[in-house]
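Please open the model in your viewer and keep the selection panel at hand. The tour below goes from one selection to the next and says what is found at each stop.

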Amino acid sequence: MRILLLGAGGQVGFELMRALGPLGELRATTRDGLLPGGAPCLRADLADSDATLIALLDHDAPDLIVNAAAYTAVDRAEDEAALAQRVNGAAVAALGRWAAPRGVPVIHYSTDYVFDGHGTRPWREDDATAPLGVYGASKLAGEQALRASGAAHLILRTAWVYAARGHNFLRTMLRLAAERDVLRVVDDQIGAPTPARLIANATAAIIARLAPRGAFAGDAPWGLYHLSAGGHTSWHGFARAILPAARRAGLIDRVPEVQAIAGADYPARARRPAWSVLDCARVQDTFALRLPSWDTALDAVIGELATMR
Ligand SMILES: NC(=O)c1ccc[n+]([C@@H]2O[C@H](COP(=O)([O-])OP(=O)(O)OC[C@H]3O[C@@H](n4cnc5c(N)ncnc54)[C@H](OP(=O)(O)O)[C@@H]3O)[C@@H](O)[C@H]2O)c1
């Protein structure tokens, strides 16, 4: 199976490079044609024209497309709506248009930001969407376009992604812990911090299940699934779990005080959903997955960081 991975330099893309490798002939793209370690790969900028994207797909002729590329700058998106819509919406539509007539499945990632956050129970796949900002709206447009294309697809909505590499909350907390005595962290947004590696490993397990001999079954359960770690916490709760674990692992020298603040006291350009917890029963039942709780998953990432020192 020839797998084309778009966005191999991102948090999830980096982990997919490792997880998808054993499943077939993996070809990777980044925006600048270089992998994180500097090795060359294919170049694909989703802001380019559809024709450029289609030319890449024609040339590479994949059996499966995995799209981990996205415009993820939530605040900047408010001022770059056209670019966010292009990368997260129109480019995904182009992927679907190429894939549908060729019978090539597309695996694509989306976000809890398609919801408005006014919930009290974990969001299910068929709950009404109502994005609060440009980023969420652009990701919703991508979901809708892929569905409308008629391509066989999996849309995996995830949330609160972090990893040992890249720009994320965990790494910000470790940096600030070395600089400050007191950290003020939002306590009224609730979600499930989810390692990129968990998402990549689950994706690989799903592909292996759908295509056990390298070809996808005609009646595969394509569609929309929620995929995150289990349980939930606030950003404040996440910080309070990260810092002592990082101290025990020798990643920081001391644990600063962590004060809880309201989101309203941490002004940002884009509004964020208050309740982001995803109900992952469907993905677990359909693909026989067992997703760890967010705190167990955190231990693995802290352990990974400790081995990287
Ligand atoms: N991060 C989260 O908390 C979160 C939460 C829910 C869902 N998701 C979704 O999960 C997926 C993976 O996210 P992630 O956390 O891995 O994000 P990430 O670390 O920000 O990675 C996104 C990747 O997309 C690339 N990219 C941006 N614009 C591009 C363009 N015009 N053409 C090609 N590539 C482009 C980036 O490249 P550069 O490095 O060159 O910019 C980066 O490698 C995305 O679909 C995202 O919407 C993320």
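Select Phe-115 and Trp-123 to begin: both residues are buried, a term that stands for under 20% relative accessible area, with exposed meaning over 50% and partly exposed in between, for a 1.4 Å probe and protein chains only. This is a predicted model in which local features need pLDDT of at least 70 and side-chain atom pairs count only at pLDDT 80 or more, while totals for chains, interfaces and linings use all residues. Residues are numbered from 1 along each chain as its sequence is written, and side-chain values use heavy atoms, with hydrogens and water left out.

Now show the rings of Phe-115 and Trp-123, which form a stacked pair at 4.4 Å centre to centre with 5 degrees between the planes. Rings of Phe, Tyr and Trp (its six-membered ring) pair if their centres lie within 6.5 Å, and planes under 30 degrees apart count as stacked, over 60 as edge-to-face and the rest as tilted. The whole structure holds 10 aromatic pairs.

Move next to Trp-235 and Phe-238, whose ring centres are 6.5 Å apart with the planes at 45 degrees, so this pair is tilted. Trp-235 is buried at 16% relative accessibility, and Phe-238 is buried at 1%. Extend the selection to Trp-160, Tyr-162, Phe-169 and Trp-294, which ring pairs link with Trp-235 and Phe-238 into a cluster.

Finally, return to Phe-115 and add Val-74, Glu-78, Tyr-113 and Arg-271, which are among the residues lining the largest cavity. The lining divides into 8 nonpolar, 2 polar and 2 charged residues, where Ala, Val, Leu, Ile, Met, Phe, Trp, Tyr, Cys and Pro count as nonpolar, Asp, Glu, Lys and Arg as charged, and the others, Gly among them, as polar. A cavity is a set of points on a 1 Å grid over the protein atoms alone where a 1.4 Å probe fits but cannot get out, and lining residues have an atom within 4 Å of a point.

Terms used:
On a 1 Å grid over the protein atoms alone, a cavity is a set of points where a 1.4 Å probe fits but cannot get out, and a pocket is an open set with protein on both sides within 12 Å along at least five of seven lines; lining residues have an atom within 4 Å of a point.
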